[in-house]
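Visitor: Could you walk me through how the labels on this protein are earned?

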Amino acid sequence: MQCPQSPGRMLSEEQFSCSICLEVFVEPVSTPCGHTFCKACLQGFWNHSKKFLCPMCKKTFSRKPELSVNCVLAEIAEQFQGLSTMSSVDRANGEFANSPQRDDDWGDFAKAGDVPCDACIGRKMKAMKSCLNCPGSFCEAHLRHHKKGKAMNSHKLVEPIHNLEDKMCKTHKRLLDAYCRNEHVCVCKECAESSHKGHDVVSTEREWKKKTSQLGKKRSELKHLIKEREKKLEEIKQSIKVLKDNSQKEIEESWAVYAELQRLLEQSQAELLELITTRQKQAEQQAKDLASGLEHELNTLKKRSSELDALAQTQDRVLFLQFLPSLPLPPEPSDWSAVSVNTELFLCTIRKSVCSLVDKFQHEVKRLYGKELRKLQNYASEVILDPATAQRDLCLSEDGRQTRTVIVVTGIQLQQTAGMASPTSMLAEEQVHCSICLDVFTNPVSIPCGHNFCMACIGSYWKSSALFMCPMCKKTYFKQPDISINTVLREIAEKFKEMKSNPIANLQKTTQPDPGQSPVELPTEMPELIPPNGPWVQEVSCDALLRKTEAEVQQMIQERLSKVDDIKQSIELNKSSAQREIEDSMQVFSDLIRAVQKAQAELVLDIEEKQRKTESWANGQIQELEQEIDFLKLRNTKLEFLSHTEDHIHFLQNFSSLMAHPHTKDWSETCVYADPCVGTTRRAVLKLEETLTEEVEKLAEKELKRVQKYSVDITFDPDTANPWLQLSEDGRQMRHLGSWQDLPDTPERFDTVVIVLGREGQSSGRRYWEVQVGEKDDWYIGVAQASVKRKGRISVSTSHGYWALAMKKGQEYRVSSSPPLLLSIEPKLKRVGVYVDYEEGQVSFYDVQNKSHIYTFMDSFKEKLFPFFYLYCCDKASDTLMICPVQETSHTKQC
């Protein structure tokens, strides 16, 4: 009877080997699914895995199972290990001599692109087969269970497959070896026969062959996208370099601009100081000449007084009478009462200098506009008119660049106009003026006597008059004549308006007065010392006569001594005034120079900030481009790998996602402008110009206070008033009466145009007055020469002896220059100040309410000047023009 065999003889080694370490169990533990592993091996496996799953069957557990050592298996494993230890040395020697190394039997380690073994812990071996039943991929060592174990003999082994779990049907646990073209998914054969029954299902190999041909085209598209973005990337990087160069160039150009502006400031300051010094010297020399003339006359009078005193001391009457005729005739004395030295020589001087600076700054701004325009033209693009949007009355050219209603360079009309003389070029301005509103005709009409007027003007004139008569020739009609618009005259008037139109100007700056102007001649007519018709044959006391004459001489001497003192004091005042003006100008120009320097520093900071922001934005675009290029390159690499793979399932599973158009940005419109500072210098100079304008406004306010010192009392002259105008009793208010007054037609009266002059004329010195214009919308205010035309048609302009400011028809302000100059004035004028300096040839207008300068005429006057007023077609009782006291609020009164 045979001895029973030990348990170790009846069991195979594979039954007690851990499928992880391939050694006999050490502290064996079992998982809920029934598989057994070494405790350390299983815990190490779970530490390297994201899920708690069985290394053999891949069953997943929701939480980590509790592991306890199986005592029975542990004892059997120890017994088995003891039985196998006896022959381990002999087997090891034999295996080592007769077999290759163990590593060679088990295979190589997995490299990049190889399928790793799912059962290996730590460094994984290269998988030799994939099991579709387990599922998993295993190396040669871990495949021994599939080859020797009876339970795993039925498992289907295939060539190693990456991510085998993703290629298995979750429902049937079978390989996805078919492809549904309807739903574009890989399916197993059981799914194809059940849920995809009736669909177009083909094998994965067939679908792989079909789709492989599409990869080449897609890869070409990706390469094109990569190439475009690399080109754009290089373009942006190059633009950053150009940006830095342009910013530096812009800074250098701004330095040049501001250096020129500072030079202009310093030059203007030097010219102003020279002008002040020259005028002060001229005034001082003129005062010295006057003092010299006075002293010469004083000496003559003192000598005469001594002779008369000596003659009065004699007691010999015969000798007195003998010597009296032999005395030389008394000198013809001058009247010094009206002679004075002006101590306000520098009125408006600083403001005019700063105004001239504004002109120079505006010239610099125009130059910068030109440079800016040339830069902007670099971004020129072709624009074609869209016929689909054109209004039906417009006719577009075939090339889409011209339309009939827009000025076309090759237009016939322009060619004809260029070859003909304009109707207005053969007309004088007065010929197209209405004699009622003093403006170019609007809807002109002709009346039977042949005179022309605006339709609205003559209609208003006849409505406010008791008779239908011509405003020009005074011819009367029994009934209102039929009038129609003269179309030819209207066309001529409209053409004249177009030709005479001027751009709106802010302020007209005046030129500097001629410092070489000769001083005003002094009057020489004075009363004689001795009346010519007073013979000495009368019986009067000789002593009394001498005493009277000597007293008169002494009075004249005292008057001239006082005048000499006044002139000397004026000289000192002129010196102090000139010094004060120099100090004020130094302060003004110092502030302006500081403003220029501050603006220059701010401009440089602005340019650098723009460069920094643009460069930062460009770097962000570069980063975004580089990321997109990397993404496209990665997509291209995956497509290239996909084109070489033989894993049909992997190919089809990733084909749709890789063939989809990548989410990329359209970079065609993205660019980094190399000129981010276009217009920056110009805008900075414009701000500086605004600073100058603000300084001009401050100076104008000071100037207004100074000219108001020359205010005079002005009244209307009723002998010059047009019969349509009604004056108040105090002569300071007037309004359009709305009816014709029967007044004497004197030579001084304006018979056609609604004009009135001031009573007080001016032929020397300085005068200032203020006029309340209120809400009136058609008026003129200024001065006129004494010899202006007063009958019939009148044109208000400097060429005809008028220097005036006007509001015409409530639409525009203008001055009576030739041609008229339009002004932009905001807000609407309420009260206007008028200042006249006869010797300087200056007529200035001020907005009293806003304390600002409006306009200045510079001319030369040869005749006496009178205040000039015009008020048109205002029949409202409240619409009154009023001369106001200076610095006193006046209320409109009823005439």
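Guide: Happily; what follows is a short tour of the labels and the cut-offs behind them.

Guide: This is a predicted model, where local features need pLDDT of at least 70, side-chain atom pairs count only at pLDDT 80 or more, and totals for chains, interfaces and linings use all residues. Residues are numbered from 1 along each chain as its sequence is written, and side-chain values use heavy atoms, with hydrogens and water left out.

Visitor: Why is Thr204 called buried?

Guide: Buried means under 20% relative accessible area, exposed means over 50%, and partly exposed is in between, using a 1.4 Å probe and protein chains only. Thr204 has a relative accessible area of 8%, so Thr204 counts as buried.

Visitor: What does Thr204 touch?

Guide: Contact means heavy atoms within 4.5 Å. Leaving aside residues up to four places away in sequence, the contacts of Thr204 include Leu176, Tyr179, His648 and Leu652.

Visitor: And why is Lys58 called buried?

Guide: Its relative accessible area is 13%, which is under 20%, so Lys58 takes the label too. Lys58 also has a positive phi, near 65 degrees, in a residue other than glycine.

Visitor: Why is Lys851 called partly exposed?

Guide: Lys851 has 40% relative accessibility, which lies between 20% and 50%, so partly exposed is the right term. Phi of Lys851 is positive as well, about 55 degrees, although Lys851 is not a glycine.

Visitor: Which residues gather with Lys851 in a patch of positive charge?

Guide: Lys698, Lys702 and Lys705 join Lys851 in that surface patch. Patches are made of residues with over 30% relative accessible area and no salt bridge, with like charges joined within 9 Å and nonpolar side chains (Val, Leu, Ile, Met, Phe, Trp, Tyr) within 5 Å. A salt bridge is a side-chain nitrogen of Lys or Arg within 4 Å of a carboxyl oxygen of Asp or Glu. For charge, Lys and Arg count as positive and Asp and Glu as negative, while His and the chain ends are not counted; the place of a charge is NZ of Lys, CZ of Arg, CG of Asp or CD of Glu.

Visitor: What makes Tyr673 fit the accessibility rule for a patch?

Guide: Tyr673 has a relative accessible area of 47%, which is over 30%, so Tyr673 meets that part of the rule. Tyr673 forms a nonpolar surface patch with Leu376 and Tyr379, and together they have about 310 Å² of accessible area, computed by the Shrake-Rupley method with a 1.4 Å probe, where for residues only the protein chains shown count as cover.
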